[in-house]
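Work through the exercises below with the sequence and the model at hand. Each task is followed by a solution in steps.

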Amino acid sequence: MIADDLSAAVAVAAPMSVFFTADTHFGDHRTINISRRPFTNTADMTKALVERWNAVVGANDVVWHLGDVARRPADVAALLARLNGTKNLLRGNNDPDATLASDGWDSVGDYAEITLEGRQLVLCHYPFRSWNGQHRGAINLHGHSHGRLKPMLRQFDVGVDAHDFAPVQLDSLLRSR
């Protein structure tokens, strides 16, 4: 590739954004009732979740899914193929080993600490009462509570029930308070 071609290729690539989400529960009819989701059935819920994900997440973006992906592990690989971005999973209480082993994850784990936009983030499916770096400004992002838990300072539920059924970016979370 010559230098002019390289410059053109770099100019075309969209900048990477990082998103967070949790508690998609694709295909889980129980979540429609328990969380009072506005969908008549799981097919409508899955369709809306995929559309809303892909409306905000681009092909070059990164998504951290903080657990509780889908009812059936056998459906996960096909779902991931339909969703934009590079996907990382932190296991939730409804994610069996087969979900973690599905094709389409860039990484899997139970817990992560990352730095984004100069901020320390502590990521897990579960909300913490205290977390590493909490008193030095670290932020805890979690799922599990489906938007029903009163947040603590620097703690945010990134689950779809709390964010119009779409992944969310850090700056949006920080502006929400």
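Buried means under 20% relative accessible area, exposed means over 50%, and partly exposed lies in between (1.4 Å probe, protein chains only). This is a predicted model, in which local features need pLDDT of at least 70 and side-chain atom pairs count only at pLDDT 80 or more, while totals for chains, interfaces and linings use all residues. Residues are numbered from 1 along each chain as its sequence is written, and side-chain values use heavy atoms, with hydrogens and water left out.

**Exercise 1.** Classify Leu 66 as buried or exposed, and describe its surroundings.

Step 1. Locate the residue: Leu 66 sits in the loop between β2 (62–65) and α4. Helices (H or I, at least four residues) and strands (E, at least two) are DSSP runs, numbered from the N terminus.

Step 2. Apply the cut-off: Leu 66 counts as buried because its relative accessibility is 0%.

Step 3. List the contacts (heavy atoms within 4.5 Å). Beyond its neighbours within four places in sequence, Leu 66 is in contact with residues including Thr 21, Ala 22, Leu 90, His 125, Leu 141 and Val 158.

Step 4. Take one partner: His 125 is 59 residues from Leu 66 along the chain, yet their C-alpha atoms are separated by 4.8 Å.

**Exercise 2.** Identify the residues that touch the most other members of the largest nonpolar core, and the elements that build it.

Step 1. Define the set: a nonpolar core is made of buried Ala, Val, Leu, Ile, Met, Phe, Trp, Tyr and Cys residues joined through side-chain atoms within 4.5 Å. In soluble globular proteins, nonpolar side chains tend to be buried together.

Step 2. Find the centre of the network: of the 22 residues in the largest core, Phe 26 and Val 69 touch the most other members.

Step 3. Assign elements: α3 (42–56) and α4 (76–82) are those that give two or more residues to this core. The most comes from α3, with five residues.

Step 4. Check Phe 26: not counting residues up to four places away in sequence, Phe 26 touches Thr 46, Leu 49, Val 50, Val 69, Ala 70, Arg 71, Leu 79 and Leu 83.

Step 5. Look for another core: a second, separate one of 19 residues includes Ala 22, Leu 141, Phe 156 and Val 158.

**Exercise 3.** Describe the chain as a whole.

Step 1. Count elements: the protein chain has six helices and eight strands.

Step 2. Consider burial: 45% of its 177 residues count as buried.

Step 3. Consider contact range: among contacts between residues at least 6 apart in sequence, 55% join residues at least 24 apart.
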